[in-house]
Every structure is written in structure tokens, then in C-alpha cells.
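Here is a walk through one protein structure, from its aromatic contacts to its helices and its empty spaces. Please keep the model open while reading, so that each residue can be found as it is named.

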Amino acid sequence: MSVRNLDRLFKPTSVSLIGATDRAGSVGAVVLRNLRRGGFGGTLMLVSPRHHEIDGMVVYADVAHLPLAPDLAVIVTPPDTVPGLIAELGDRGTKAAVVITAGFGELGAAGRALQQAALDAARPHLLRLVGPNCVGIMAPRIGLDASFSHLAPPAGDIAFVSQSGAMITAMLDWAAPRGIGFSHVVSLGDMADVDFSDMLDYLAADAGTRAILLYIEGITNGRKFMSAARAAARTKPVLVLKAGHSAAGAKAAHSHTGALAGSDAVFGAAFARAGMLRVATMAELFEATETLALTREQKGDRLAIVSNGGGAGVLATDALAAQGGTLAALAPETIAALDKVLPPTWSRGNPIDIIGDAPGARYAAALESVLADRGVDALLVLNCPTALASPEEAAQAVVETVHRHATTHPPRRNIFTAWLGEQTAASARRRFETAAIPTYETPEAAVSGFLHRVRYQRNQALLMETPPARAERPLPDAAAVKPVIAKALAAGQSWLDAGSVAAVLSAYGIPQPRACNAGDADAAAELAGEIGFPVALKIRSPDITHKSDIGGVALGLRDEAEVRAAASAMLARVSAARPEARIDGVVVQQMIKRPGAVELLAGLNDDAVFGPVVVFGQGGTAVEVVRDSAVALPPLNLLLARAQMERTRVWRLLQAYRGKPAAAIDAIADVLIRLGELAADNPEIRELDINPLLADADGVIALDARIRIAEAAVPGASRFAIAPYPKHLESVDSARDGTPVALRPVRPEDEPLLQDLFAHMSAEDQRLRFFAPMRELSHALAARLSQIDYDREMALIALHDGVPLGVARYAADPDRLRAEYAVAVRSDRKGRGVGYLLMTRLIEVARQVGIGELFGEVLHENKPMLDMCRILGFTLAADPSDAAVTIVRKQLTAAA
């Protein structure tokens, strides 16, 4: 369940407070006060068996006596009463409830049972629950304050959703003196039902919400969260403060990869993949809130800095450089203009030091000159208190100049301010707050505010970038891996032996040295002669994962005698060090000579929330000491894999330097992509660790690897937080004229195919598809049409010999109740049944995933589409809001 009935939570016409009281200091009394003071315009009803009237309001003895079923119930009664109340409310027709009461999941098994009973009572009625154990909810635009907060915020366009009630009240207390308002304030508490995913879906579609702030302690469903987060972050900024940075769970991991893939790192990777902005501290969240409230979308990243103190300007410049910002280069015309209005000793560059005695008039003149420079995307104005000029006068001059410039030179650029100090800066900051200009206490904080906006735009640009197509490679042999894993599980193994590991990697095209298993020293010597010298020896044991720690590795053995001696010594040494371990002999491996190659780590780990994650970093025996790694959520493509590598320090060693050629980056990326495919196909794989993975200009080779397995609880692809490419939907069919047509889901790298399809559609066909003339298919639109969330969307492309013939797609609501479809066919291939073929298959897919209804909007004049809809069983009806449009609908599954 997702957004269903959330309108009853946030747009109710009637509210009932269950547990109302006039007892001073009680939760019931405070919630009643807040409901009344908020100015809610709907019906407010009170329920309590202990009262007949409170402050002139009628109090009903129980839910049954309410004169009407409330849209929203707010419950503050003891926990053992809640399941029964939910059942009564559901029977009356109530569709939403906020359970402020504590004493549920946080109190152990008995509390969890009570919480489940409340959910069981709500489910038959589709009644949505917020809480329990929460502060409540607020929707200031309609005057709804169903909380026990000490403050009621004004209406605004920022939403704040938090698991912590304390964070709710702290945020409201901070925002009040700054005049920052909110569209929604939601305390989720224990998240028995409504969770972050539901709120993201709801707020993404809310026109009155411009930005979303989240305080997260935990997530219950990784895939649901990622679908909602990706959809929301495409439409508006989403900022996250995640509490709990420890990776205690990593201590129990059985490999290097597990130790590195701590849960906080995985959360960070998930936030980045979704396009969300993560902040590190409560202070940064507050600063980001001010930035989002008082600024608009940031175009460009070039910042100009105006200051009356050189030191403050330098600090701002350092902060900008440290965080990856760009200092604007002033145009010659700007420098000439500044020369006319500033003292001769000004800095003549950016940062612009206008000298310590600068009065308001000098600030105004400098700002006018800088704001005229089209090479400046945003402006930071700093002030250091001196006895030579008034900080408040300077602030007033900035306010007037900014507002004058916004009126005469739209569009307005974002202006940031930082008046340093406290005693003399306080009144200046109040002027900025009153004028809705963001102000900060330090240069560093102001730069961070600017970069919050910049990073959001960069994230969106990265997410919209089209990945390059991968070079043609043999497809993974997934069928070859299944029996290997099944045999190991049947034998009770949790770690695959060396031969099985090699078979798995080989099936997925990951290069390895030649290797053979030997049972004793003599066999090892004989096999080494066949492989060719030099060779390496490694102990074979299902119970030993870190072989080098106990002397289980020997390198560079040059002849049979050395191999025989090394194998005998190794078997004796390891048996003495680990007498309980099963020793199956040794692995004789081709010794790889790659001087100058970089040792890397590549692997998989299974996260409790987000499922499989791909790990990349610097490898070698000191991997846990160096601790240079990055995690990413599969599935990956070349672009995402490269971005993952760029987040590590070892990335710089992979570049060309001092005559050394760059490593084969695409080959490394291909390994990371294939690891994601391996995890999707084989849910039994819980950890995989390739260390080292050697990389140089000639490619990559995996020198050592280990794989841990366990029985799969769910199918492989369903474990992924991001639905992987649905390969099972690929098919081959024939058009009406017999032309063979390959049908498959659209992939992110298909943007060129979509552009080609659009280019071969007539202007009239383009108009019928997009309802308006279009001269080109923009990159942004093409990227949006090719980078889809397979969990909520589907796009099928029809190809003949690699030429795109058409595309059919649907986009579903979060609950999959309805999905809107669209279809486009290349103009010179119309009339051959391509559109019918695509739509028939699309309907099949929509029905398989449980879409309730497929619908579309078709122009009346699009007779071929309307005829096809009739043949396919759609019903047709005029659009009451647009006389030129017909609404077509096809019921696929029974309504829930």
C-alpha cells in the first residue's frame, strides 16, 4: 500500500480526536488545543467516555455515537484500546488515523503483537495508520495541526518527514523565528503502516510542496523506498539526514567485502543512486532547510564572493574549493565597472574585497556590477564587523539592491549572505530573514548552502546522462552456475571451493589465471609442469577464507622441486595452525606477471535493507587497513560503475601518469556490472570477494576469489532494491507482413534508438503521440523515456535488424491501481501490425504484474489508435475536460 487514502490524512473534511480531555498537561488536552488553534475549517468531533462537554464542545461517548464517520481519527488513548478503536472506525468508514499513543513495537513482543493487531484491524477497510508513538501530523495550508507540538508552523512549500518526534519539534522551533513555513510536517514514529516511501510518493505529486526533508533512522522496504525516492527526486529536491553511522553489523561479516560494506555506506549509496542529497548533521539540515526555503533552482555553479574583509573571502574560497565548487571568473567589463566604484586597493578579482570601511553604498555598487556579469551564477555577500561602517546599513543596502535587481533583471539569481559575529550581526540577519534572503553565521555554512543547490542540479544531470552501450561480450552462462551452487548447498558447504569459484566466475566472463586442484605435493608438482612456470600455490579448504593469514599462499615457484617443497610445507603449516579445518589439498595457479598493475577489490555483499550491493576499492592484503572502497546498488551500467570507481582514492592510480598508461576502465566496469548480474541470477550468493583483481592497460584478471552461499529465501531479482532489467520479457515475434520483430524492454542506453524512432516519425505522427508539434526529442525527455523504473513502468521496443520500429509503454501509480499507456510507431512502418503487436504484449505484461486498469488519452482524430483500442477491448469515453480527447480504458484485474 502506498498513497491510497493519504488524502484523508492530509486533506480531511472531518477530524475526530479519540481520547479528548481537558486535563492540563495531558497529550489529549494539548492535541485538542492544537486542533482548535490551527484554524481547521472542517468538522471537529471529540470522543471520550469521561466527558460530555469540553470548553463548549460536545464530547461523544464512543465512536459509535459520532454523528458522521470522520475522514481522519487522532488517537491518544492507551495502547490496548487502539486495535478495537481502529476496527470501530473502519466499520464506520474512516480511512485514516494518527496513533500518537506510545507503547507498541518499542516495548518488545507484547507491543509488537498489539501493533500487528491494529494493522490487522485497519487492513480490511484500507484504513491508513500514521504512528504509533509519534508527535502527529500538520498540514498548515488547511489549518490542520493534529499533533502535540509546542509550535504551529506557517504554511510554506517545504515538507518535513521524520521518524523522530524530537526532530520535528526542534525543526519547528528553529524555523519559527526565521518565518520558514511548511506544506506538511509528519512524525512517522514506529511506521507500522505509512512510511517514508508512502510520504515520498504523496509529496512528489503534491503541487504545493517544492522540497522534501527527511530524518531517517531506518527503512523497512528497500525496493519500495528506492522506487519512491527516485520518482520524488526527479521532480523536486529531497534532502536526507540519516542517523546511525555505525557499521556494527560489518563485524560479523566473513570476508573483506562484508567488513567494508557497512550499512551506513549502503544507505549513502542508495541516497546517491536515487538523486537525493544527504546532509551529515542536524546543523546542516537546518542550513539546508533555509537554503531550500529562500532560494530557487540553481542554474550553474559559478559563485562570486563580495566581502569587506579579505580573510572572510579566503575562507569562503577555501570552503568552495574543498567541496568541489567553482569560483566565477569575472569578465573584463565587470572588473572595469568595479574599478569605477571601489577603492584602488580592492582585490581586482574574485573574491571581491571591497575593503573594511565599505559603507552600504559601496556594497550596493559592487553588487550592481557583479549581478550584471552573465558569467556569475550566484553571489555570496560577506560582512565582517568594523568600527568604520555599520553592518546593519550594509545589510539594508544588500536587501534593496537584490530586490531592485530581481525586479529589473529577471530571472533572479540566488543570493547568499553571511554577516560574521553575533552582537552587531544579529539585527542585520533579521533584516535578511524579513527580506527572505538566506543568511548564515559563517562563510563555510553559506558556501554549503549554495552547494546544496548545485549538488542537486549535478545529481539530476548525472542521473539523466545516457550510459554508453557496452562492448559486445558473451552472455553470462547462468545455467552453468545453478548446479555448482546446488551441489555445494547439498554438501552443507557455506563457502564454495576454489574449483567452484572458478567455474562461477568463468560462467560470467570474469578473466582468471589457469588453475588446477592437487591433492598432495607430488600432484601439485606434476600439474605445475603442465601449467608452466612460475606458479602460485594456495591452500584448498572450505573452512579457511583468508589463506594468506595462516601461510596458505606461496608465490613465484620456478620449478617442480620448489612446488613440491612449498606444497609439503604449506599442508603441514596450515594443518598445525588450523587442526579443525578440512584440508583438501592445494590449488596450483598460473603465476601472472603484470608489473605496474593495480591491485583492486571487487565483490558483492548482502545488505539487510537494500539487498545485494557491489563493492569496489583498493585491494591487497592491507585492504581493511587502507579502507578505500565505495558501494553501489545494482544493476549497474558503464556510467554508474565508473561513478562508483570515481568515489575511491585508488581511482587516481588507474589514470595515466608519468608515462604509465591508464588502466582498462571499461574492463573494470564490466566486472562490476557482471557481479550485479551474478547476484540477480543467483540469490544463494551472499558474499563474493575478488581480491586482488589486477588491472592495467591490458585488462583485468581475478587472482583470488571467495564466495559464500546460503539457501535463497526469495528469487534473485526480487532482492534488488532497484528492479534489474527484466530479461525474461525479451521475445521474438512477426509483424503482420511476416517481418521478424524482436521485442524487449527499453534499457538506459537506448536513448539513440528513441531519437532515431522520433526522427522517422512524421510531424503529424509526432503531434498525435505528444499532443503538440515537436521539432526534436530533447535529451532530457529521451533520457526520461529510456531510464525507467521497471518496478512501476515498462517500455517495450520493437526492433528489426537493430532498427527501432516502435515503442509502447505504461507508467503506473504507486499502488498499481491504474497505469497510463502510450505507443509510437515509425511512420514508414505503420499499417504492418507493429503497434498492435506492441500493445498486445504490453497488456500481457501489465496484467502479469497486477496493474488494475490500463488507460490512455487519444485525440479524436487519431482514428487508427481508436480502432486498435476497440479491437483490444478498451472502452472509449469523451474526456469531460477536453473536447478533443477520448479516454480509453481496459480493466485488467479486479479492483482491490
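Phe225, Phe267, Phe271 and Phe610 come together in one aromatic cluster; the model in which they appear is a predicted one. Two members of the cluster, Phe267 and Phe271, are also among the buried residues of helix H9, which makes this helix a convenient place to begin. H9 covers residues 263–274, and its 12 residues reach 17 Å from the first C-alpha to the last, close to the 16 Å expected at 1.5 Å a residue. Besides the two phenylalanines, its buried residues include Asp264 and Arg273 as well as Val266, Ala269, Ala270 and Ala274. Just after H9 comes Gly275, which takes a positive phi of about 90°.

A search of the whole structure for aromatic pairs finds 12 of them. One is the pair of Phe416 and Phe450, an edge-to-face arrangement with 5.8 Å centre to centre and 75° between the planes. This pair links distant parts of the chain, for Phe416 belongs to strand E19 and Phe450 to helix H16 (residues 443–463), 34 residues apart. Are these two rings buried or exposed? Phe416 counts as buried because its relative accessibility is 0%, and Phe450, with a relative accessible area of 0%, is buried too.

Strand E19 takes part in another pair through Trp419, which meets Phe432 edge-to-face at 4.9 Å centre to centre, with 75° between the planes. Because Trp419 lies in strand E19 and Phe432 in helix H15, the pair ties together parts that are 13 residues apart in sequence. Both Trp419 and Phe432 are buried.

Strand E19 and helix H15 also appear in the surroundings of helix H14: the buried residues of H14 pack against both of them, at 414–419 and 426–434, and against helix H13 (360–371) and strand E18 (378–383). H14 itself runs over residues 391–408, and its 18 residues reach 26 Å from the first C-alpha to the last, close to the 26 Å expected at 1.5 Å a residue. Its buried residues include Pro391, Ala394, Ala395 and Ala397, followed along the helix by Val398, Val399, Thr401, Val402 and His405.

From packing, the path leads on to empty space. Rolling a probe the size of a water molecule over the atoms shows where such space is left. The structure holds five cavities of 30 Å³ or more, and about 140 Å³ of space lies in the largest cavity. Of the 13 residues that line the largest cavity, Leu757, Phe770, Leu785, Val807 and Ala824 lie nearest its centre. Helices H24 (751–759) and H25 (763–770), together with strands E34 (803–812) and E35, each supply at least two residues of this lining. By class, the lining of the largest cavity divides into 11 nonpolar and two charged residues, with no polar ones.

Strand E35 comes back in the second largest pocket, where this strand, residues 818–825, gives the most to the lining, with six residues. The second largest pocket has a volume of about 1,300 Å³. Which of its 49 lining residues are the closest to its centre? They are Arg769, Arg809, Tyr821, Ala822 and Val823. The lining of this pocket has 25 nonpolar, eight polar and 16 charged residues.

Notes
Residues numbered from 1 in each chain as written. Predicted model: local features only at pLDDT ≥ 70, side-chain atom pairs only at ≥ 80, totals over all residues. Heavy atoms only, no water. 1 Å grid on protein atoms, 1.4 Å probe; cavity = no way out; pocket = protein on both sides within 12 Å on 5 of 7 lines; lining within 4 Å. Points joined across faces, edges and corners; volume = space filled by probe spheres on them. Helix = DSSP H or I, 4+ residues; strand = E, 2+ residues; numbered from the N terminus. Nonpolar A, V, L, I, M, F, W, Y, C, P; charged D, E, K, R; others polar. Expected span 1.5 Å × (residues − 1). Buried < 20%, exposed > 50% of the residue type's maximum accessible area, 1.4 Å probe, protein only. Contact = heavy atoms within 4.5 Å. Phe/Tyr/Trp six-rings, centres within 6.5 Å; stacked < 30°, edge-to-face > 60°.
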